[in-house]
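Let's take a walk through this protein, with an eye on its charged pairs. Have the viewer open and follow along.

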Amino acid sequence: MELAFRSPLNPPSPSPSTATRRPNYPVRPFRSTTRKFSLLSAQAYDYELENKKHQLLTSVQDTQRGLLVTTDQRCCIEEALVNVEAFNMAHPIDFAKLDGTWRLQYTSASDVLILLQAASTLPFFQVGQIFQKFECRDQTNGGIIRNVVRWSIPNLLEEQEGATLLVSAKFTVVSVRNIYLQFQEITVQDINISEELQALIAPAILPRSFLSLQILQFLRSFKAQIPVRDPGRESVGGLYYLSYLDDNMLLGRAVGGGGVFVFTKAQSLY
């Protein structure tokens, strides 16, 4: 009977269950918003990185791989290099990404520029594509690196790819980004003689003799290997700093002023 005499001026006290009851509306978590901002941040990072890489490749485009470059161009290229290197300089070497063939786009290394200079001045010498081939898949501390230079002698060998100069070295990781190269041997192989020379050795009009066919076979299969080190002595070596690496670009610096290198990923050579 007591409840029947309650008035608006004297409302009943809320029950414990009513006092602790929470508002009945959904509370959205902040996780989706955080994830959205993270996604946008990653997209902005990737866009900025690709933009810096494009600027670098554009800056080296008309330099003939570093042969024709002015002082101002060299400064711009160095600045573009540093901008790309800043994106993953502290990351350890990813051997899965490093493994494969890389095509040279630009260098300031004197030993490579000498070849390019010779090809531009000597009428009997051509230099084609230059590659670095890393063999380090499933490795954790090193592998094999092969510097591949395609070259030719006009009218004797096929243009640009008449022969291959191969400089092979073993490498080991000495720090997060530094590898140490130990050069093993220099090889000349893959001789592709020109049609003019083939016709001279074994004319198509005349019956080809056994000797002329043997000469052709010898030239095609010719391979010369020259060891870089003497037996019992430590091989010639040097430090190589891999300053940037991703799926399609590799930047390197020969420690000690040996020059910089800009590579892009290429199809496998062998």
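Start with arginine 146, which is partly exposed, its relative accessible area being 23%. Keep in mind that this is a predicted model. What does arginine 146 pair with? Its salt-bridge partner is glutamate 135, and the closest N and O atoms of the two sit 2.8 Å apart. Glutamate 135 is partly exposed too, with a relative accessible area of 28%. Glutamate 135 belongs to strand β2 and arginine 146 to strand β3, so this pair ties together parts that are 11 residues apart in sequence.

Some salt bridges here also share partners: Glu50, Lys53 and Asp246 are joined into one network that way. Take one link of that network, the salt bridge between aspartate 246 and lysine 53, where the closest N and O atoms are 2.6 Å apart. Why does this pair matter for linking up the chain? Look at where the two ends sit: aspartate 246 is in the loop between β7 (237-245) and β8 (249-254), while lysine 53 is in helix α2 (residues 31-59), so the bridge ties together parts that are 193 residues apart in sequence.

Are these two residues buried or exposed? Lysine 53 has a relative accessible area of 4%, so it counts as buried, the cut-off being under 20%. Aspartate 246, at 11% relative accessibility, is buried as well.

Next, find aspartate 99, which forms a salt bridge with arginine 137; here the closest N and O atoms are 3.4 Å apart. Aspartate 99 lies in the loop between α4 (95-98) and β1 (100-107), and arginine 137 in the loop between β2 (126-135) and β3 (142-152), so this pair ties together parts that are 38 residues apart in sequence. Aspartate 99 is buried, with a relative accessible area of 14%.

As for the general idea, side chains of opposite charge can pair when their charged atoms come close. How many such salt bridges turn up in the whole structure? A search finds 8.

Now zoom out. The protein has 7 helices and 9 strands, and 33% of its 270 residues are buried. If you count contacts with a separation of 6 or more, 65% of them come from residues 24 or more positions apart. On the outside, the accessible surface comes to about 17500 Å², and carbon and sulfur atoms own 57% of it.

Notes
Residues numbered from 1 in each chain as written. Predicted model: local features only at pLDDT ≥ 70, side-chain atom pairs only at ≥ 80, totals over all residues. Heavy atoms only, no water. Helix = DSSP H or I, 4+ residues; strand = E, 2+ residues; numbered from the N terminus. Buried < 20%, exposed > 50% of the residue type's maximum accessible area, 1.4 Å probe, protein only. Contact = heavy atoms within 4.5 Å. Areas by Shrake-Rupley, 256 points an atom, 1.4 Å probe, with all protein chains shown as cover. Salt bridge = Lys/Arg side-chain N within 4 Å of Asp/Glu carboxyl O.
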